[in-house]
Amino acid sequence: MYDAFVVALAVFVGVAGHEMFGMSMLSRPIVVAPLVGALMGDVQTGLIVGAALEAIFMGVVNIGISSTAEPSLAAGLATAFAIKMGGNVDAVIPLVFPLAVLGLQLMNMIFSFVCGPMAAKFFTLAKDNNQKGIISLHYFMWFVHYALYALIPFFAVLFGADVVKAVLDNIPEVIMNGLTVAGNLLPAVGMAMLLRMLWSKSIAVWFFLGVVLMAYFELPLIAIAVIGTIIAIVIAQRDMQMKKTPVAPQATAVGAAVIDEEEEEFFQ
């Protein structure tokens, strides 16, 4: 019972804290797994599992509809099962990604069927200008949402790893394959939607530079990120230098006169 409670608590702290403090990344495996390990008395296994799963889910960042998996549930359960199996991390790794994909679907279901119907109540409170009621209801639904989600790892650990594995094995292969394919496609769809909102012709050349560096020069993402950071710093320094450069008023007036003459000749 204690192990099930601490795993549920760690997952709740991860997912609820992540949203409460504005994408604070508390739900990352590198945070949740060591926390579970510390509460269960095996910090070393928690660190090992956290590092291994963070490498798997490093590129998983759920922003808006750009979502693929929920790593905190997988991290909590993987750490608990690994500790119960005597530190056998390799045995629980194959369970991780299906659990993460399934966990996100369950979280969305709770949000849709439990939190969704409360939208009408928020509208009513807003019409009445009941700000305290809105705040109270917001925090109440925040707690209910993630508390219900934390019950999933609670019962999973309570009933044992064998039961969880049996449940996953009984899910039809076509459904699990569909979830896996959707999980692999959603990051690309999400990035495409974000890129569409951020797209600008003035900076498009840098996007294609990154594509060339990755596709043809096969540079790792860290190297491309460092190059992008250097380019951003150089451009920022150039812009600051241009702002500090004084412009002669006479030269400005002459330039404006030349532009006006060119515009008149163009429209004649």
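Phe154 is buried, at a relative accessible area of 15%, which is a handy place to enter this predicted model. Its ring pairs with that of Phe155, and the geometry is edge-to-face, with 5.2 Å from centre to centre and 85° between the planes. Phe155 itself has 40% relative accessibility, so it counts as partly exposed. The cut-off for buried is under 20% and the one for exposed is over 50%, so Phe154 falls on the buried side and Phe155 in between.

**Aromatic pairs**

A second edge-to-face pair is made by Phe207 and Phe208, with the centres 5.4 Å apart and the planes at 75°. Here Phe207 has a relative accessible area of 35%, so this residue is partly exposed. Phe208 comes out at 47%, and so it is partly exposed too. Here are those two pairs side by side:

| Pair | Centre to centre | Angle between planes | Geometry |
|---|---|---|---|
| Phe154 and Phe155 | 5.2 Å | 85° | edge-to-face |
| Phe207 and Phe208 | 5.4 Å | 75° | edge-to-face |

The total for the model is four aromatic pairs. There is also an aromatic cluster, made by Phe12, Trp142 and Phe143.

**The nonpolar surface patch**

Phe155 turns up again on the outside, as one of the residues in a nonpolar surface patch of about 900 Å². Its companions there are Met1, Met109, Phe113, Val114, Leu148, Leu151, Leu158 and Phe159. Two elements give two or more residues to this patch: helix 5, which spans 89–115, and helix 7, which spans 131–159. Which of them gives the largest share? That would be helix 7, with five residues. Leu148 is a resident of helix 7, and its relative accessibility is 34%, so it counts as partly exposed. Patch residues need over 30% relative accessible area, so Leu148 at 34% clears that bar.

**Inside the fold**

Now for the interior. In soluble globular proteins, nonpolar side chains tend to be buried together. The largest nonpolar core in this model has 38 residues. Which of its members touch the most others? They are Val7, Met40, Leu53, Leu77, Tyr149 and Val157. Several helices feed this core with at least two residues each: helix 1, helix 2 (29–39), helix 3 (43–57), helix 4 (71–84), helix 5 and helix 7.

Take Met40 from that list. Setting aside residues up to four places away in sequence, Met40 touches Asp3, Val6, Val7, Ala80 and Ile83. Val7 is thus a contact of Met40 as well as one of the core members that touch the most others.

Val11 is worth a look as well. It sits in helix 1, which covers residues 2–20. Is Val11 buried or exposed? Its relative accessible area is 0%, so it is buried. Apart from neighbours within four places in sequence, Val11 is in contact with Ser72, Leu73, Gly76, Tyr149 and Pro153. There is also an approach to Val32: the two C-alpha atoms are separated by 6.6 Å, although the residues are 21 apart along the chain.

Thr79, over in helix 4, is buried because its relative accessible area is 0%. With residues up to four places away in sequence left out, its contacts are Ala33, Val36, Gly37, Gly46 and Val49.

**Charges and loops**

Side chains of opposite charge can pair when their charged atoms come close. How many salt bridges does a search of the whole structure find? The search finds one. Its partners are Arg238 and Asp239, whose side chains meet at 3.3 Å, N to O. Arg238 has a relative accessible area of 46%, so it counts as partly exposed. Asp239 has 31%, so it is partly exposed as well.

Finally, a couple of backbone spots to check when you scan the torsions. Asn129 has a positive phi, near 55°, and is not a glycine. It is found in the loop between helix 6 (119–127) and helix 7. At 57% relative accessibility, Asn129 is over the 50% cut-off and so counts as exposed. Glu218 also has a positive phi near 55° in a residue other than glycine. Its place is in the loop between helix 10 (204–215) and helix 11 (221–244). With 65% relative accessibility, Glu218 counts as exposed.

Note on methods: Residues numbered from 1 in each chain as written. Predicted model: local features only at pLDDT ≥ 70, side-chain atom pairs only at ≥ 80, totals over all residues. Heavy atoms only, no water. Patch = residues over 30% accessible without salt bridge, like charges linked within 9 Å, V, L, I, M, F, W, Y side chains within 5 Å. Areas by Shrake-Rupley, 256 points an atom, 1.4 Å probe, with all protein chains shown as cover. Salt bridge = Lys/Arg side-chain N within 4 Å of Asp/Glu carboxyl O. Helix = DSSP H or I, 4+ residues; strand = E, 2+ residues; numbered from the N terminus. Buried < 20%, exposed > 50% of the residue type's maximum accessible area, 1.4 Å probe, protein only. Phe/Tyr/Trp six-rings, centres within 6.5 Å; stacked < 30°, edge-to-face > 60°. Contact = heavy atoms within 4.5 Å. Core = buried A, V, L, I, M, F, W, Y, C linked by side-chain atoms within 4.5 Å.
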